[in-house]
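Work through the following exercises with the sequence and the structure side by side. Try each task before reading its solution.

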Amino acid sequence: MISLAGAAVLALAGCSSDDSSAAPTEDSLRATLDTQYGRLQKGQYAEDYDTLSQRCQDKFTREDYAEAASLAYAGRDFSGPQELAITMDGDSATVIATSFDGKGNKSPMTWRFVEGEWKFDNC
C-alpha cells in the first residue's frame with residue numbers, strides 16, 4: 001500500500017484562494033494546515049483528498065485515500081492543537097507536524113504552492 005497513512009497524516013486539507021497570483025507565504029500555508037487539521041479532527045478524509053497535488057491524486061482514488069486515513073487515524077486523539085515546524089523555500093515548504101496526541105508520522109512532508117493554493121506533494 002502506498003504510504004497512504006503517511007500521506008493522509010498530513011495531507012490534512014487545503015485552504016484555497018481564488019487569487020492565483022497570490023504569493024506563497026508561511027501564513028497562507030499555516031492557514032491551509034489549520035483547515036486540514038480541522039478536517040482531520042472531524043474525520044472528513046474524503047474532503048482532505050482535494051488538498052493533494054495532482055501527482056499524488058494520480059496515485060490513488062479519493063475513496064482509497066479516505067479509507068487509508070480512516071484506518072490510520074482510528075482511535076487517535078485530535079481534540080487539541082497540532083504543533084508545526086515549517087521551513088519555506090520559495091513555492092515549496094517542508095512541514096513537520098505533531099498532532100495533539102503526539103503520535104503519528106513526524107517525518108518532513110513536502111507542500112507546494114500551485115496555482116494559488118498549497119498542495120500536499122509528499123506521495
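**Exercise 1. Aromatic pairs**

Decide whether Phe60 and Tyr65 are buried or exposed, and work out how their rings are arranged.

*Solution.* The model used here is a predicted one, and in it both Phe60 and Tyr65 are buried. Next, look at the geometry of the two rings: their centres are 5.8 Å apart and there are 5 degrees between the planes. Planes under 30 degrees apart count as stacked, and the pair of Phe60 and Tyr65 is indeed stacked. A search of the whole structure gives seven aromatic pairs, and a useful contrast is offered by Tyr73 and Phe78, whose ring centres lie 5.4 Å apart with the planes at 90 degrees, so that this pair is edge-to-face. Tyr73 and Phe78 are buried as well. As a last step, follow the ring pairs onward from Tyr73 and Phe78, and you will find that they join Tyr37, Tyr45, Tyr73 and Phe78 into a cluster.

**Exercise 2. The nonpolar cores**

Find which residues have the most contacts inside the largest nonpolar core, and which elements give two or more residues to this core.

*Solution.* The largest nonpolar core is made up of 17 residues, and Leu29, Leu33, Leu52, Ile86, Val95 and Trp111 are those with the most contacts inside it. Two or more residues of this core come from each of helix 2 (26–42), strand 1 (83–89), strand 2, strand 3 and strand 4. A second core, separate from that one, has seven residues, among them Leu40, Tyr45, Ala69 and Phe78.

**Exercise 3. Following the strands**

Trace how strand 1, strand 2 and strand 3 are paired, and determine in which sense strand 1 and strand 2 run.

*Solution.* Begin with strand 1 and strand 2, which pair in the antiparallel sense over seven bridges. These two strands form a hairpin that has two residues between them, and Gly90, in the turn, has a positive phi of about 65 degrees. Then move to the next pairing, where strand 2 and strand 3 are also antiparallel, here over four bridges. Thr94 helps you to follow both pairings: Thr87 stands opposite Thr94 in strand 2, while in strand 3 the bridge partner of Thr94 is Thr110. Finally, consider the loop between strand 2 (92–98) and strand 3 (109–114), where Ser99 is found. Ser99 has a relative accessible area of 10% and is therefore buried. Leaving aside residues up to four places away in sequence, Ser99 touches Tyr37, Arg76, Phe78, Pro81 and Gln82.

**Exercise 4. Salt bridges**

Establish how many salt bridges a search of the whole structure finds, and describe where the partners Arg30 and Glu26 lie.

*Solution.* Side chains of opposite charge can pair when their charged atoms come close. The search of the whole structure finds six salt bridges. In one of them the side chains of Arg30 and Glu26 meet at 3.1 Å, N to O. Arg30 and Glu26 are four residues apart in helix 2, so about one helical turn separates them. Arg30 is partly exposed at 30% relative accessible area, and Glu26 is partly exposed at 32%.

Now take Arg62 and Asp50, whose side chains form a salt bridge of 2.6 Å, N to O. Since Arg62 belongs to helix 5 (residues 62–73) and Asp50 to the loop between helix 3 (45–48) and helix 4, this pair ties together parts that are 12 residues apart in sequence.

A further salt bridge joins Asp121 and Arg55 at 3.2 Å, N to O. Here Asp121 lies in the segment after strand 4 and Arg55 in helix 4, so the parts tied together are 66 residues apart in sequence. Asp121 is buried at 10% relative accessible area, whereas Arg55 is partly exposed at 41%. Arg55 and Asp121 also belong, together with Arg112, to a network of salt bridges.

**Exercise 5. The disulfide**

Identify which residues form a disulfide, and explain which parts of the chain this pair ties together.

*Solution.* The structure holds one disulfide, and its partners are Cys56 and Cys123, with their sulfur atoms 2.1 Å apart. Cys56 is in helix 4 (residues 54–57) and Cys123 is in the segment after strand 4 (117–120), so the pair ties together parts that are 67 residues apart in sequence. The angle about the S-S bond is -95 degrees, and the link is left-handed. Cys56 is buried, with a relative accessible area of 0%, but Cys123, at 26%, is partly exposed.

Conventions
Residues numbered from 1 in each chain as written. Predicted model: local features only at pLDDT ≥ 70, side-chain atom pairs only at ≥ 80, totals over all residues. Heavy atoms only, no water. Disulfide = S-S within 2.5 Å. Buried < 20%, exposed > 50% of the residue type's maximum accessible area, 1.4 Å probe, protein only. Contact = heavy atoms within 4.5 Å. Core = buried A, V, L, I, M, F, W, Y, C linked by side-chain atoms within 4.5 Å. Salt bridge = Lys/Arg side-chain N within 4 Å of Asp/Glu carboxyl O. Pairing = 2+ DSSP bridges. Phe/Tyr/Trp six-rings, centres within 6.5 Å; stacked < 30°, edge-to-face > 60°.
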